[in-house]
Amino acid sequence: GFGTQTGTTYVGMQIRTSSYEVDDFLQLYFEDSASGNANNSVSGGIRNAGSGGENFYFARSGAFGNNSDTTQTHTNGTTVFLAFKFSDTPAHGSDYDRAEIFVNQFSEGVADAVSNADSNTSSLQQFHARVVSIESDDRVFIDNLAIANTFDQLFPVLTTTPADGDELAFGNQRVGTTSADQNITAENTGSLTLTSLNFGAPTGDFGGGGGGMDLRGNGTDSDSAGYNFMPTQRGPASGSAEITGDRGTAMVSSLSSSVALGGQGVGPVFGVDLDGNSNASMLAAPGDDTSGAIPTTTDAGSLDLGVTSGFAMLTQTITIGNMTTDDESLGDALTGLTIQSLTFDDPRFSIVMDSTPEVLSAGLDGDSILDLMVKFTSDATLGQATGTLSIVTDQGVAFDGDNGNPFTITFTALVIPEPSTVAIWSLLGLGLVGFGWINVRRKADRS
C-alpha cells in the first residue's frame, strides 16, 4: 500500500525480464482495496503476444478488454523505464477513467498508449501484480518504483538554494583577501535517490565546492558546500558554480543547477604627486589602473632635486595618497591604505615628516593624503647622487596585514665644488697661465 491518491497520479519503474515468453502476461494494477480486483483498477504491464508472436506494453483503465497496446515490443534482458499516468475526466465523475503509458520517456511527452474507460475506483492506495503463464524459470525485475504527483518527480529532482540561475552575493571584499564561506545547499525533491552529488569548482575570483553525499528523495536529505570570494582587482566580479547529480540510471541524463556568484572588489589605490602641490587631485602612479586593476608596475616616477655644493642641503615636498574611488563609508578595513615603511637606499637622502601615519583613508580629502619633505644632505662627495625611495603599502593584501605592493621613486641631486674653492682654483689657474706667458716671452727676447 501507499498514501491515498485521489488526483492525477504518476507511477514510474524500471523493469527487466528473463525467459519471458510470448504467452506470458504481467499486469501491474492500482486500486483502492487490499482484496485486489484487477477489473476495478487502472493498470499497465507486458501482455501476451497472441497471434503476433511479440509481447507489447499496454495501459488499461477498468476491465479486461480495455487494453491499449503500444507499438514498442518487449525484449528479454533489456531494462526499460515505464511511466504511467492515471487521471479522471468529467465523463465518469470522480472515478479514474484514463490510463496512459510512456515507454523510455524521461519527460512527459505524448503517451505511447492510452486507455479511456471507467475504472470504478476513485482513489488509489494499493499496488498489485497479476501474472498469467509465468513458469518457474521466468523472472521479472522491478526497480526504482516511484509514485508522484508530477512526471518529473518520478526521478530525483535537484533543487539548490540559491536556485538555478539565482546569485550567491558576497558584497564588498578587499582585494587580496578571502571572504568568509557562504553555502550553496542541494536537496532532492523528487522520489528516487540522487547519487554522485558534486558542488563544482567555481569560475572567476571564487573558490570552494567539492563532493557531496547521495540524497534520498522527497526532501529527506540535504547537503551543502562553502564558496568564497577572493577578488584580484577592484570592481565587480562574477562567476558561477555548477552543482550536478546523477539520477541513478544511465538511461537518464544527469541533473544540474547553475548558481551565479557575484561580489565587488574594493581597496586602496596608491598615488603620488611629485610637484609638491599638496592637493588631493594627484596623478595616479604610472601603470596603476584606477578602474580597478592591481598596478602592473611599481615605478612611481623620478624627481631631480637640483644642484648643491659642499655640505649644503636640498629639499622638495612630495605628496602621496590613497587614490581609490571606492566609497569611503566602507571604512578603512576595506579601503584604507596603510603605509608600512618609507626607506631610502642612499643615506644622503631622507624623509622629514611628523610621524608615519597608520592609514590613509579613502575619500580624496585631507585624510587620504600625506605631505613628505624629501631632504638631500651632501657629504661633499662630488658628482651625481641617486637615491631610491621605497614606499611599502598594504595595497593588494589584508588591511594592515602583510606587505603589499612596494612603490619606488627615484631622486637625483648634483653635488659640485663650493663657490670659494672654484674661485681660488680659477685664480691659481690664471696666475700659472700668466707665468707661463712671461717665461715664453723672455725666451723669445733672448733669441
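This is a short tour of a predicted protein model, with a suggestion at each stop for what to select.

**The whole chain**

Start with everything shown as a cartoon. You will find two helices and 27 strands. Now colour by burial: of the 447 residues, 42% are buried. If you draw contacts between residues at least 6 apart in sequence, 69% of them join residues at least 24 apart. Switch on the surface and you are looking at about 20700 Å² of exposed area, with carbon and sulfur atoms supplying 49% of it.

**A hairpin**

Next, select residues 56-61 and 68-73, which are strand 4 and strand 5. The two run antiparallel and are joined by three bridges. To see a pairing up close, pick Phe56, whose bridge partner in strand 5 is Thr73. Six residues lie between the strands of this hairpin. Click on Gly62 in the turn and check its backbone: phi is positive there, at about 90 degrees.

**A strand with two faces**

Move on to residues 158-161, strand 11. Which of its residues are on the covered face? Show the side chains: Leu158 and Thr160 make up the covered face, while Thr159 and Thr161 belong to the uncovered one. Add residues 182-188 to bring in strand 13, which runs antiparallel to strand 11 and is joined to it by four bridges. From the covered face, Thr160 stands opposite Ala186 of strand 13.

**An open sheet**

Now select strands 20, 22, 25 and 24, in that order, to walk across an open sheet of four strands with antiparallel pairing. Strand 20 (270-273) and strand 24 (349-352) are the edges; each has a single partner strand, so one side of each has no neighbour in the sheet. Rotate the view to follow the twist, which averages 30 degrees from one strand to the next. For a look at one edge, add strand 22 (residues 313-322), held to strand 20 by four bridges. Here Asp273 has Thr319 of strand 22 as its bridge partner.

**Two cores**

Finally, select Leu305, Ile318, Ile320 and Phe411, the residues with the most contacts inside the largest nonpolar core, which has 26 residues. Elements giving two or more residues to this core include strand 20, strand 22 and strand 25, and also strand 21 (299-309) and strand 26 (383-393). Which strand gives the most to this core? Strand 27 does, with five residues; find it at 406-416. For a last stop, select Val11, Leu26, Ile46 and Ile101, which are among the 21 residues of another core lying apart from the largest one.

Methods. Residues are numbered from 1 along each chain as its sequence is written. This is a predicted model: local features need pLDDT of at least 70, side-chain atom pairs count only at pLDDT 80 or more; totals for chains, interfaces and linings use all residues. Side-chain values use heavy atoms; hydrogens and water are left out. Buried means under 20% relative accessible area, exposed over 50%, partly exposed in between (1.4 Å probe, protein chains only). Contact means heavy atoms within 4.5 Å. Accessible areas come from the Shrake-Rupley method with a 1.4 Å probe; for residues, only the protein chains shown count as cover. Two strands pair if DSSP finds at least two bridges between them. Axes are lines fitted to C-alpha atoms, for helices over the stretch in contact, and angles run from 0 to 180 degrees between N-to-C directions. A nonpolar core is a set of buried Ala, Val, Leu, Ile, Met, Phe, Trp, Tyr and Cys residues joined through side-chain atoms within 4.5 Å.
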